[in-house]
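Open the model in your viewer and keep the selection tool at hand. The stops below go one selection at a time.

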Amino acid sequence: MERTFAIIKPDAVERNVTGQVLSMIEEAGFKIVGMKKIQLTRKQAEGFYYVHAERPFFGDLCTFMSRGPVIALVLEKEDAISSWRNLMGATNPANAAEGTIRKKLGVSIEENTVHGSDAPETAAYEIPYFFSALELV
Ligand SMILES: Nc1ncnc2c1ncn2[C@@H]1O[C@@H]2COP(=O)(O)O[C@H]2[C@H]1O
């Protein structure tokens with residue numbers, strides 16, 4: 001079993017599609033082992049996305065991610081990291097495959113509804129950024 005970190009982003013929470021995303025997660029066989037609703041500060045968003053600090057979209061991304069509440073999740077499944085990335089679909093919803101969350105619900109390359117860890121090292125940074133060990137059950 002592997003764990004990955006996921007976020008349901010502000011665009012999805014604003015549009016009341018949190019439940020649709022959670023249904024797709026459960027239907028795909030993930031166990032939700034951690035879940036919380038929080039609103040990031042701008043500084044917390046910058047810390048979470050520090051690997052993108054030099055990218056031109058970094059400022060807008062941190063503004064977007066702190067503009068409203070998000071749902072932070074830890075998901076468990078065999079090959080959870082790649083399975084979750086497959087279920088999310090391509091970063092740009094315009095390029096996402098049928099049946100993926102971003103194809104169904106994504107708005108734009110920035111407001112793309114969900115986030116997921118891209119590698120085990122990333123999950124090892126992202127999970128404890130949001131959750132203590134006691135919160136994962
Ligand atoms: N040109 C871009 N390329 C990649 N990611 C982008 C771009 N512009 C905005 N982003 C956002 O930056 C985020 C970084 O990782 P995410 O998977 O959370 O999803 C990405 C998008 O929301």
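Select E26 and E27 in this predicted model: both are exposed, and they sit on the face of helix 2 turned away from its buried side. Now add the buried residues of helix 2, which are T18, V21, L22, M24 and I25. Look down the helix axis: these buried residues fall within an arc of 160°, so they line one face of helix 2. The general rule behind such a pattern is that an α-helix has 3.6 residues a turn, so residues three or four places apart point the same way. Just after helix 2, select G29, which takes a positive phi of about 95°.

Step back along the chain to N16, in the loop between helix 1 (10–14) and helix 2. N16 also has a positive phi, about 60°, although it is not a glycine. As a general point, most residues other than glycine have a negative phi. Is N16 buried or exposed? With a relative accessible area of 70%, N16 is exposed.

**Helix 5**

Select residues 80–88, which form helix 5; its buried residues are A80, I81, S83, W84, L87 and M88. They span an arc of only 165° around the axis, which puts them on the same side of helix 5. What do these buried residues pack against? Their partners are strand 1 (2–8), helix 2 (18–27), strand 3 (70–77), helix 6 (101–105), strand 4 (114–116) and helix 7 (120–130). G89, just after helix 5, takes a positive phi of about 90°.

**Strand 1 and the cores**

Go to T4, in strand 1. T4 has a relative accessible area of 0%, so it counts as buried. Show its contacts: apart from neighbours within four places in sequence, T4 is in contact with L73, V74, L75, A80, I81, W84, S117, A123 and I127. A80, I81 and W84 were also among the buried residues of helix 5.

Next, select F5, I7, M65, V74, F130 and F131, the residues with the most contacts inside the largest nonpolar core, which has 21 residues. Strand 1, helix 3 (42–48), helix 4 (58–65), strand 3 and helix 7 each give two or more residues to this core. Helix 4 supplies the largest share, five residues. For a second, separate core of 20 residues, select A6, L73, L105 and V114, which are among its members. In general, nonpolar side chains tend to be buried together in soluble globular proteins.

Return to I7 and show what it touches: F48, M65, V70, I71, T113, V114, H115 and F130, not counting residues up to four places away in sequence. One of these contacts, T113, is worth selecting on its own. T113 is in the loop between helix 6 and strand 4, and its phi is near 75°, a positive value in a residue other than glycine. T113 counts as buried, at 0% relative accessibility.

**The ligand**

Select the ligand and the residues around it: K9, Y49, H52, F57, L61, T91, R102, I109, E110, N112 and H115. Which polar atoms lie by its oxygen atoms? A polar side-chain atom of N112 lies 3.2 Å from an oxygen atom of the ligand. A polar backbone atom of I109 is 3.3 Å from a ligand oxygen atom. For H115, an N or O atom of the side chain is 2.8 Å from an oxygen atom of the ligand.

Stay on H115, which is found in strand 4. The unreviewed UniProt entry places the feature "active site" at H115. H115 has a relative accessible area of 11%, so it is buried. Beyond its neighbours within four places in sequence, H115 is in contact with F5, A6, I7, K9, F48, Y49, W84, M88, R102 and E126.

**Last selections**

Select E121, in helix 7. E121 is exposed, with a relative accessible area of 58%. Draw a distance from E121 to G106: the two are 15 residues apart in sequence and 26 Å apart in space, C-alpha to C-alpha.

Finally, select residues 1–137, which the unreviewed UniProt entry annotates as the domain "Nucleoside diphosphate kinase-like". Over this range the chain is 40% helix and 19% strand, and the end C-alpha atoms are 14 Å apart.

Key:
Residues numbered from 1 in each chain as written. Predicted model: local features only at pLDDT ≥ 70, side-chain atom pairs only at ≥ 80, totals over all residues. Heavy atoms only, no water. UniProt positions renumbered as here; feature names shortened; annotations may be inferred. Helix = DSSP H or I, 4+ residues; strand = E, 2+ residues; numbered from the N terminus. Buried < 20%, exposed > 50% of the residue type's maximum accessible area, 1.4 Å probe, protein only. Arc of directions from axis to C-beta. Contact = heavy atoms within 4.5 Å. Core = buried A, V, L, I, M, F, W, Y, C linked by side-chain atoms within 4.5 Å. Near = heavy atom within 4 Å. Polar contact = N/O pair within 3.5 Å; in protein donor to acceptor, adjacent residues only side chain to side chain.
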